[in-house]
Amino acid sequence: MTDQRLLHAQWSSRTAFILAASGSAIGLGNIWKFPYLAGEFGGGAFVVTYLLCVALIGVPIMIAETLLGRRGRQSPINTMLTLAEEAKASPYWRYTGWLGVAAGFLILSYYSVIAGWAMAYIFKINSALFVNIDAEQTGRFFEAFKSSPEFQSIWHTLFMIATVAIVSRGVSGGLERASRYLMPALFAMLVALDVYAMNSGGFGRGFAFLFYPDFDKLTGEGVLAAMGQAFFSLGLGMGSIMVYGSYLPSHVSIARSSLFVASADTVVALMAGLAIFPLVFAHGLEPGMGPGLIFQTLPIAFGQMPAGWLFGMVFFVLVFFAAITSAVALIEPAVAWLSENLGLSRKQASLYAGAACWFIGLGSAFSFNIWSEVKLFGKTVFELVDFLTANLMLPLGGVLVALFAGWVMKREISEAELELGEGRAYPAWRVLIRYVAPLGVLMVFLDAFGVL
Ligand code: PHE
């Protein structure tokens, strides 16, 4: 085992880890999902709940997950197994790793479909069709695009091919290089869109919608969605942060890196919301329109800007990159496991994992058209897979990580790994990870399923 730990690749620097972890965190979750969920669940109250979940549950779990990864230095399943042995705990803890591999797989299956939309818009946004387009036209355009099973499966396929191509190149080749310049560029683009939104005539209403909480509008389902979104957006509870942690050099401060990544992730989500809701209100759109929200609002902005086609293209290229750095993180636990345990080469492992994911993803691609009436528990394939993963599997995976780091792992070990000094930081983290995070998730579950 020791040999494996030594041989396991390491990040070239702390920056590389931060960039890759932010690359995994920042993605469609921030730009596509956060705004549409905030719109669907009533705005401010959802946003406040989301922020609380990030701070009290997300950040402590992110620290724990990185910690476990760095201590175990293998794929999540084998890391959990090794750490359980070290703590003389049950080998069943490895199922935490399995849960993560499964969640990542399932998320990527539909993530790829939505990322395919962003890819398609790179090419569509520069057509004359979008010049001075109004809300009704963007709506019609999006509907037509979504209703085509051919388009949906072609773009999904292309995105999956791109993901496999990057993942198969390995940790320091593909992953590091991809995140270095693109994240800052995306940030700059969002600043530009926010400035545009400020002058759109709907800024006051958009701002109020996002930041003034009206808790009467918040349902148990909304609270569950906010918590699920915190896990989803931070990229927690499925082992990808654990994998990145496993590549982290031992002198780097885990807490500081995690705080940085979580803050960057949150800022980007809020900036996306601030770019979108002013447009929604200025153009009389419906905030709760669902997954099509950014695809129906942003083209209006691009259509009205000078050289908007160019900005639009650049924007969707950046969204595509943000998505692909997340996609890589989603599939990495599976790839790491396949290559460690079945002796497959990285290339083979990426190919098999990608192909399986692609196949499952067709279900989501068709759920927007030919299978839109196929429903289980009142949800389409896409809605069901999303609910199951983001709202149930990720929080459950996160709680298991919290319980392991807080209760199973010896205090000396976590204290030594985190190196938080003598002050209050370590005891504070310990309280959050042992009590606040697990009980918080439990309460949200009970509330959402009507027990509370
Ligand atoms: N955090 C990514 C996003 O916001 C999605 C993701 C979820 C990535 C889980 C890794 C793990 O788009």
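Student: Which residues come nearest to the ligand?

Tutor: In this predicted model, there are 14 residues around the ligand, and Ser 24, Ala 25, Gly 29, Tyr 111 and Phe 232 come nearest. The residues of this shell divide into six nonpolar, eight polar and no charged.

Student: Which atoms of the protein lie at a short listed distance from a nitrogen or oxygen atom of the ligand?

Tutor: A polar contact is read as a pair of N or O atoms within 3.5 Å. Here a backbone N or O atom of Ser 24 lies 3.0 Å from a nitrogen atom of the ligand, and a backbone N or O atom of Ser 233 also lies 3.0 Å from a ligand nitrogen. For Tyr 111 the atom belongs to the side chain, where an N or O atom is 2.4 Å from an oxygen atom of the ligand.

Student: How much of the ligand does the protein bury?

Tutor: Taken alone, the ligand exposes 320 Å², and the protein buries 100% of that. The ligand sits in the largest cavity, and the elements that give two or more residues to the shell around it are helix 2 (14-25), helix 3 (28-40), helix 11 (220-234) and helix 15. Helix 3 gives the most, with three residues.

Student: What sign does phi have at Asn 132 and Ala 307?

Tutor: Most residues other than glycine have a negative phi. Asn 132, however, has a positive phi of about 50°, and it lies in the loop between helix 6 (94-124) and helix 7 (135-146). Ala 307 likewise has a positive phi, of about 55°, and is placed in the loop between helix 14 (293-304) and helix 15 (308-341).

Note on methods. Residues numbered from 1 in each chain as written. Predicted model: local features only at pLDDT ≥ 70, side-chain atom pairs only at ≥ 80, totals over all residues. Heavy atoms only, no water. Helix = DSSP H or I, 4+ residues; strand = E, 2+ residues; numbered from the N terminus. Near = heavy atom within 4 Å. Polar contact = N/O pair within 3.5 Å; in protein donor to acceptor, adjacent residues only side chain to side chain. Areas by Shrake-Rupley, 256 points an atom, 1.4 Å probe, with all protein chains shown as cover. 1 Å grid on protein atoms, 1.4 Å probe; cavity = no way out; pocket = protein on both sides within 12 Å on 5 of 7 lines; lining within 4 Å. Sits in = over half its atoms within 2 Å of the grid points. Nonpolar A, V, L, I, M, F, W, Y, C, P; charged D, E, K, R; others polar.
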